[in-house]
Amino acid sequence: MNKITARMLFLFLLSFTILLSGCNNSDLSDETIDPAEVFDTVAVIQERGKVIAGVRFDTRLFGLKDSKSGKVEGLDIDMARTLAKKILGDETKVELKEVTSSTQIPLLKDGQIDVIIAAMSITEDRKKEVDFSDVYFYAGQSLLVPKGSPITGLDSLSSDTTVIAVKGSTSVKSIKDKVPEAKVAEYDDYQEAFTALQSEQGDVLTADNSILLGMMRDDANFEMVGGLFTNESYSIAIHKGDQKMVDTVNEMLKELKESGEYTKLYEKWIE
């Protein structure tokens, strides 16, 4: 090896070693960062001047978009407006971004939305990825069938039954656990799922009773059967580790309940 080649090799190895050292230091630095210190949703909202809320566009009573007017309405929509008023002093400073059971957590983690307010149940698996506020609504899973159906509850389901459910929802896992022999047809959202039931692409639709109630109000030819076979607690989902935002949302919920405003919202949408 001549002197020029040896020198070039030495400089290359030296540069590569320095580069590796820099990468290792960067990795170490990243590991010592406290996520709660990095992500401050309240500050982000205040700087931006609006709340970006992940809500459903397919769920009557909680978040449903009118195909003609384009307006989205429901209990969760009013909750999003209340949060904007809490943080910014103006309930109109809110952007509603559509989420589904499958997309809601990825959108939150990617920073595309500030919170999830979408009839979202608290589960242990979800707690690993997001933080939750206090509970604002209680529900339970049930079954929706055409009136006159021979299906009267879980005991009526069999390997010959096609159960319709929504992808990513807690209902899918629950029905597979309770009736593993039944066939489950999964759809992207609740409007698609209900349309499938109406067009007889399945025998029964399973979801929370609060969601099924909205479907029954759309079409009186369907009814709930079998009672409730799970307990669901709806909460607002927040970036993992953002305790300041959790506290802010909990303060909002407390103020809503103590003022009687939550009761008015419940009567407006649910009763």
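Reader: Hi! Which residues are buried in helix H3 (residues 41-48)?

Author: Hello! Keep in mind that we are looking at a predicted model. In helix H3, the buried residues are Thr41, Val42 and Ile45.

Reader: Where do they sit around the axis of H3?

Author: They are on the same side of H3, because they cover an arc of only 100 degrees around the axis.

Reader: And what do the buried residues of H3 pack against?

Author: Two strands and two helices: strand E1 (51-55), strand E15 (237-239), helix H4 (75-88) and helix H10 (243-259).

Reader: Cool. Which residue caps the N-terminal end of H3?

Author: That is aspartate 40, with a side-chain oxygen 3.3 Å from the backbone nitrogen of valine 42. Past the other end, just after H3, you come to glycine 49, which has a positive phi of about 90 degrees.

Reader: Let's switch to sheets. What is the strand order in the open sheet of five strands?

Author: The order reads E5-E1-E6-E15-E7, and the pairing is mixed.

Reader: Which strands stand at the edges?

Author: Strand E5 (94-98) and strand E7 (130-132) do. Each has a single partner strand, so one side of each has no neighbour in the sheet.

Reader: How many bridges pair E1 with strand E6?

Author: Two bridges, and E1 and E6 (residues 115-116) pair in the parallel sense. If you want a spot to look at, find glycine 54, which stands opposite isoleucine 116 in E6.

Reader: What about strands E10 and E11, do they run parallel or antiparallel?

Author: Parallel: strand E10 (residues 162-166) is joined to strand E11 (residues 183-187) by five bridges. Isoleucine 164, for example, has alanine 185 in E11 as its bridge partner.

Reader: And which way does the chain cross from E10 to E11, right-handed or left-handed?

Author: This β-α-β crossover is right-handed, and the chain passes through helix H7 (residues 170-178) on the way to E11.

Reader: While we're at H7, which side chains meet in a salt bridge there?

Author: Lysine 173 and aspartate 177 do, at 2.9 Å from N to O. Both lie in helix H7, four residues apart, which is about one turn of the helix.

Reader: Are lysine 173 and aspartate 177 buried or exposed?

Author: Both of them are exposed.

Reader: How many salt bridges does the count come to?

Author: The count comes to 18 salt bridges. One of them connects aspartate 114 with arginine 48, where the closest N and O atoms are 2.7 Å apart. That pair links distant parts of the chain, 66 residues apart: aspartate 114 is in the loop between helix H5 (104-109) and E6, while arginine 48 is in helix H3.

Reader: Is aspartate 114 buried or exposed?

Author: Aspartate 114 is buried, with a relative accessible area of 4%. Its partner arginine 48 counts as partly exposed, at 32% relative accessibility.

Reader: Nice. Which side chain meets aspartate 78 in a salt bridge?

Author: Lysine 268 does, with 3.1 Å from N to O. Aspartate 78 lies in helix H4 and lysine 268 in helix H11 (residues 261-269), so the pair ties together parts that are 190 residues apart in sequence. Aspartate 78 is buried at 11% relative accessible area, whereas lysine 268 is exposed at 51%.

Reader: Which residues are linked with them in a network of salt bridges?

Author: The network links Asp78, Arg81 and Lys268.

Reader: New topic! Where is serine 235?

Author: Look in the loop between strand E14 (232-234) and E15. Serine 235 is buried, with a relative accessible area of 0%.

Reader: What does the side chain of serine 235 reach?

Author: It reaches the backbone oxygen of serine 133, at 2.8 Å. Leaving aside residues up to four places away in sequence, serine 235 touches several residues, including Ile116, Met120, Phe132 and Tyr136.

Reader: Last one: where is glutamine 243, and how far is glutamine 243 from phenylalanine 39 in space?

Author: Glutamine 243 is in helix H10. Its C-alpha is 9.7 Å from that of phenylalanine 39, though the two are 204 residues apart in sequence. Glutamine 243 counts as partly exposed, at 45% relative accessibility.

How values were computed
Residues are numbered from 1 along each chain as its sequence is written. This is a predicted model: local features need pLDDT of at least 70, side-chain atom pairs count only at pLDDT 80 or more; totals for chains, interfaces and linings use all residues. Side-chain values use heavy atoms; hydrogens and water are left out. Two strands pair if DSSP finds at least two bridges between them. A crossover is right-handed if, with the strands pointing away from the viewer, the path from the first strand over the helix to the second runs clockwise. Buried means under 20% relative accessible area, exposed over 50%, partly exposed in between (1.4 Å probe, protein chains only). The arc is that of the directions from the helix axis to the C-beta atoms. Contact means heavy atoms within 4.5 Å. A polar contact is a pair of N or O atoms within 3.5 Å; within protein, one must be able to donate a hydrogen and the other to accept it, and residues adjacent in sequence count only if both atoms are side-chain atoms. A salt bridge is a side-chain nitrogen of Lys or Arg within 4 Å of a carboxyl oxygen of Asp or Glu.
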